[in-house]
Amino acid sequence: MIFQDAVRTVLPVCSGQKRVRSFIAGEWVWGYGNEYVSIVNPATEERLAIVCDVASCELDAAFSAARDAQEHWYFEVTQEEKERVFRRVAALLEECRGPLAWVLIQEGGKLWKWADAEVQEAIDTVWHYHGEIGRMYGRQIPCQMPDKMAFTLRRPYGVILGITPWNFPLAVPSWKIFMALAGGNAIIVKGAEQTPTTLSLLCYLVERAMIDEFGATKARRLSSILQAIHGKGETVGAYALEHGAYDKVLFTGGSETGAIVAAAAGRRRKPVELELGGHGAMILLSDYPMDRAVDEAITANLGDSGQRCVSARAVFAVQGRADEFVARYWERARHVRIGNPANPDTAVGPLVSKEQMERAHGDIQRAVASGCLQCHGGSPFLGHDGLRIWYPNAAPEVWSKGYYFTPTVLRTESLANYAMQEEIFGPVLSVQSFSDSNREEAVWNAVKLVNASRYGLSNAILTNQLDLAMKAAERIKTGILYIGRGTTGAEVGKPFGGIKDSGFGREAFGLEEVTYEETVYIDYHGKPRMAQAGAEEGTLARLEAAKDEGKRVFA
Ligand code: UN1
């Protein structure tokens, strides 16, 4: 029932066409900008709906409404009331979990099990930040002088601008939204162009939770603590960033766009947090069973068709194992059931859009041109009927429509290969070996290969030798390291984020990104005095004694 209400509100029909609405200043709006995007089911190429750009005047309204609502939320809503809203949101998400997963399946081509996992991740996020609401901790710090004290207040930034990606259109907005709200902020979230619907549905559920807990009048005053704005990045995203009436930006997306976002925020002197691309590497040592290594790589590379920033892109196998790994992986990957993600027997779905499919295809051609020993796969299914013999288990639909891409493995011999350098956002894995004259040296060689990447998001080491795994953990430059399994599967409640070109800042954990510390001093000494305790006594005598030497410095 609630879900049906949500769909009626968020996605009404206008001129015979479903349209995703934005949520601004407590109103569901069509978006009066000049541009629109068609939302297409990547498995069937059916047009599901359209989403229109919000206009600049609508964005102006969003920022000013957010400012007012934030003050109410932070100053007037008690901790217990905030917690009640979060609990109600968790219950509503639980109630809507099935149909929400179906939206992810149709709009983003997510496999059913990953779609369900994403809804679970959103629910986990609400519960994690439910616990954080009461942890706006400051600290007490001793002062240099007696009769004086310092402590810090943890305060919200105010209005946060979140910009979210198409690959996790429910989980990533949830990380940003519940982190921001738990920290006492308001947040305006820009949805992804291709997959905007779940963000608006989530806003509806949060609004509904506030009405259920507070009644319509109070909920109305608070409704602008969470707003959803839709449209194209280059119009709506760019205008929102230039607007500048925000206090911090939380961005998830590609590394190149991240640089543009950081520059725009920098022009306004606003802090940013960036969750960018990755080039997940898995180090395979000699002791780890080959079957398990292949299983891990299949999950870490083919999960979400390789469209995660934490997806495994590279395997660095100890000398003597790379060729066997490639052969075994390719045998497994080409037999996987690829097809419409709506079918329960499908194991891998399509890429999100035609554009992404074409980009992956072009990237692989560059990778092959940059030199590799072997390349299996490497093209869209559509229009490549000759590949049928290699993919006997592919579902019939992949040959006739949809943005399906063949699982692909490259055997490379140098990091100069394009696929080793760049994040190819698709089911593409590159495998290279490293030498192992002795046990420890093998790990150093592997770590060097991983650290040569410009990215540092999620990496893995496959071994049961704890000492070697720990040495790698201390030397790999990465935001996340998995020991004993592939690169995907970061949990809510642990810091998520990268270093180097993968960005900076951490989400899914804590309130540091959405709050700052204000230092408060209390001086009960009763007379004016200096803060530098050591300078109080003997200042004149000290300077007198050093006068000659001091004056010679510039003589
Ligand atoms: C991302 O890759 O963009 O670790 C986020 C995972 C998910 C989150 C991934 N929990 O696979």
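Colleague: How much space lies in the second largest pocket?

Modeller: Keep in mind that this is a predicted model. The pocket is lined by 24 residues, and Glu121, Phe168, Arg308, Gly489 and Ala490 lie nearest its centre. The space in this second largest pocket is about 390 Å³.

Colleague: Which element gives the most to the lining of that second largest pocket?

Modeller: Let's start with the elements that give two or more residues to the lining: they are α5 (112–132) and α6 (171–182). Of the elements, the one that gives the most, with four residues, is α5.

Colleague: How many charged residues are in the lining of the second largest pocket?

Modeller: Sorting the lining by class helps here. There are 11 nonpolar residues and five polar ones. The charged residues number eight.

Colleague: Good, now the cavities. How much space lies in the largest cavity?

Modeller: The structure holds two cavities of 30 Å³ or more. The second largest cavity has about 40 Å³ of space. For the largest cavity, the value is about 110 Å³.

Colleague: And which residues that line the largest cavity are the closest to its centre?

Modeller: By class, this lining divides into five nonpolar, five polar and three charged residues. In total, 13 residues line the largest cavity. The closest to its centre are Gly108, Lys110, Trp166, Asn167 and Gln307.

Colleague: Which residue has a positive phi although it is not a glycine, and is found in the loop between α11 and β15?

Modeller: Here is a useful rule to begin with: most residues other than glycine have a negative phi. The residue you want goes against that, with a positive phi of about 55 degrees. It also helps to line the second largest cavity, together with residues including Leu302 and Ser305. The residue in the loop between α11 (290–302) and β15 (312–318) is Asp304.

Colleague: Is Asp304 buried or exposed?

Modeller: A residue counts as buried under 20% relative accessible area. The relative accessible area of Asp304 is 9%, so Asp304 is buried.

Colleague: What is the phi of Ala508?

Modeller: Ala508 lies in the loop between β23 and β24. At 1% relative accessibility, Ala508 counts as buried. Although Ala508 is not a glycine, its phi is positive, at about 70 degrees.

Colleague: Let's move to the strands. In what order do the three strands of the open sheet stand?

Modeller: Strands of a sheet pair through backbone hydrogen bonds, either parallel or antiparallel. In this open sheet the pairing is antiparallel. From one strand to the next, the twist averages 25 degrees. The order is β7-β8-β24.

Colleague: Why is one side of β7 and of β24 left without a neighbour in the sheet?

Modeller: Both β7 (140–142) and β24 (515–523) stand at the edges of the sheet. One side of each is left without a neighbour because each has a single partner strand.

Colleague: How many bridges join β8 to β24?

Modeller: Strand β8 covers residues 148–156 and runs antiparallel to β24. Two of the pairs are Leu153 with Glu518 and Arg154 with Glu517. The number of bridges joining β8 to β24 is nine.

Colleague: Which residue in the turn between β7 and β8 has a positive phi?

Modeller: Three bridges join β7 to β8, which run antiparallel. One opposite pair is Gln140 and Phe151. The two strands form a hairpin with five residues between them, and the residue in the turn with a positive phi of about 55 degrees is Asp147.

Colleague: Which residues make up the uncovered face of β8?

Modeller: The covered face of β8 has Lys148, Ala150, Thr152, Arg154 and Pro156. That leaves the uncovered face, with Met149, Phe151, Leu153 and Arg155.

Colleague: Which helix joins β12 and β13 in a right-handed β-α-β unit?

Modeller: The two strands run parallel, and four bridges join them. Across this pairing, Thr252 stands opposite Glu275 in β13. The helix that makes the right-handed unit with them covers residues 255–267 and is α10.

Colleague: Last one: which residue of β23 stands opposite Leu274?

Modeller: On strand β13, Val272 and Leu274 point one way while Glu273 and Glu275 point the other way, and all are buried. Two bridges join β13 to strand β23 (residues 503–504), and the two run antiparallel. Opposite Leu274 in β23 stands Phe504.

Technical notes. Residues numbered from 1 in each chain as written. Predicted model: local features only at pLDDT ≥ 70, side-chain atom pairs only at ≥ 80, totals over all residues. Heavy atoms only, no water. 1 Å grid on protein atoms, 1.4 Å probe; cavity = no way out; pocket = protein on both sides within 12 Å on 5 of 7 lines; lining within 4 Å. Points joined across faces, edges and corners; volume = space filled by probe spheres on them. Nonpolar A, V, L, I, M, F, W, Y, C, P; charged D, E, K, R; others polar. Pairing = 2+ DSSP bridges. Axes fitted to C-alpha atoms, helices over the stretch in contact; angles between N-to-C directions. Buried < 20%, exposed > 50% of the residue type's maximum accessible area, 1.4 Å probe, protein only. Right-handed = clockwise from strand over helix to strand, strands pointing away.
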